[in-house]
Amino acid sequence: MPEDPTTLSDFNDPITTVDQLEAHAGTAPEKVRVKEIKALDDLCRQFIARSPFCLIATVDPEGVIDVSPKGDPAGFVTVLSDTVLAIPDRPGNRRLDSYHNLLKDPRVGLIFLIPGKGETLRVSGRARIVRDAWLLERMQVEGKQPAMALAVEITRAFMHCPKAMVRSKIWQPESWRNADDLGDIGDAMIRHGKLKQTPEALLEEATSEGLLRLY
């Protein structure tokens, strides 16, 4: 058995062309290809209204891809029309990776999830960071409105099949492995950033800087 690879060039049997891919994995049937739509319909609107969590994918000019989670009470993403939705920006660690990327490349991909439901909703489009007061006021939670929002103009949307959720058993608590012994964000920051602080000191600092504030 060969050693585990350390680079992509260590793999000996890659697929490098579309013809190879389709010969190996097959092609999608027509009913799967035509499910993509260019605007949100009632089904998409209802899905977004019940979703408390989505993932945002962006890319920087060097091609480095970032995927960022966003979560709030269900319906936190505002559908403004069939072709435009808006996502509030809540207090975070101020890295703002997605926003830095979008200032240079507005292309964006979203996946919406609903706990307990197998299907997901995939949306693609172009995004802009906005600060319109009328919109931010509509996005208040606990009396706090976001400082800005991400407006997305939709170019395609489609429902994704539930196989990944079924295989992973992600919504079945009895299948979850205990993760109490895994390090938390503080442990990761200390280890990955080679910080000299203790977890307690790091937590105190993060609290004083407002990094733990939800709204």
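Start with the sheet: select its seven strands, which form an open sheet in the order E2-E1-E5-E6-E7-E4-E3 with antiparallel pairing. Colour the two edges next. E2 and strand E3 (78-79) stand there with a single partner strand each, so one side of each is left without a neighbour in the sheet. Keep in mind as you go that this is a predicted model.

**First stop: the E2 edge**

Select residues 53-59 and 65-71. These are strands E1 and E2, which run antiparallel and are joined by seven bridges. For a sample of the pairing, pick Leu55, whose bridge partner in E2 is Pro69. Now follow the chain through the turn: five residues lie between the two strands of this hairpin, and Gly63 in the turn has a positive phi of about 90 degrees.

Stay on E2 and click on Ser68, which is found in this strand. Is Ser68 buried or exposed? Ser68 counts as buried because its relative accessible area is 15%, below the 20% cut-off. Add Ala57 to the selection and draw a C-alpha to C-alpha distance: Ser68 and Ala57 are 6.5 Å apart in space and 11 residues apart in sequence.

**Second stop: the E3 edge**

Move to the other edge and select E3 with E4. Two bridges join these antiparallel strands, and Val79 has Leu85 in E4 as its bridge partner.

While you are here, show the side chains of Asp82 and Arg45. They form a salt bridge, with the closest N and O atoms 2.9 Å apart. This pair links distant parts of the chain, since Asp82 is in the loop between E3 and E4 and Arg45 is in helix H3, 37 residues away. Asp82 is partly exposed at 39% relative accessible area, and Arg45 is partly exposed at 29%.

**Third stop: more salt bridges**

The model has eight salt bridges, so there are others to visit. Select Glu30 and Arg33, whose side chains meet in a salt bridge at 2.7 Å, N to O. Both lie in helix H2 (residues 30-33), three residues apart, or about one turn of the helix. Glu30 has 47% relative accessibility and counts as partly exposed; Arg33, at 49%, is also partly exposed.

Then select Arg156 and Glu36, another salt bridge, with the closest N and O atoms 3.3 Å apart. Arg156 lies in strand E7 (residues 148-160) and Glu36 in the loop between H2 and helix H3 (42-49), so the pair ties together parts that are 120 residues apart in sequence.

**Fourth stop: the largest pocket**

Turn on a surface and look for the largest pocket, which holds about 1,200 Å³ of space. To find its centre, select Pro91, Gly92, Asn93, Arg94 and Leu211, the closest to it of the 40 lining residues. Which element gives the largest share of the lining? That is E2, with six residues. E2, strand E4 (84-89), helix H4 (97-104), H7 and H8 each supply at least two lining residues.

**Last stop: out on the surface**

Select Ile185, Met189 and Leu195. Together they form a nonpolar surface patch with about 280 Å² of accessible area. Leu195 is in the loop between helix H7 (185-192) and helix H8 (199-208), and its 32% relative accessibility makes it partly exposed.

Finish with Ala23, in helix H1 (residues 18-25). Ala23 counts as exposed, with 70% relative accessibility. A line from its C-alpha to that of Asp60 spans 32 Å, for two residues 37 apart along the chain.

Terms used: Residues numbered from 1 in each chain as written. Predicted model: local features only at pLDDT ≥ 70, side-chain atom pairs only at ≥ 80, totals over all residues. Heavy atoms only, no water. Pairing = 2+ DSSP bridges. Helix = DSSP H or I, 4+ residues; strand = E, 2+ residues; numbered from the N terminus. Patch = residues over 30% accessible without salt bridge, like charges linked within 9 Å, V, L, I, M, F, W, Y side chains within 5 Å. Areas by Shrake-Rupley, 256 points an atom, 1.4 Å probe, with all protein chains shown as cover. Salt bridge = Lys/Arg side-chain N within 4 Å of Asp/Glu carboxyl O. Buried < 20%, exposed > 50% of the residue type's maximum accessible area, 1.4 Å probe, protein only. 1 Å grid on protein atoms, 1.4 Å probe; cavity = no way out; pocket = protein on both sides within 12 Å on 5 of 7 lines; lining within 4 Å. Points joined across faces, edges and corners; volume = space filled by probe spheres on them.
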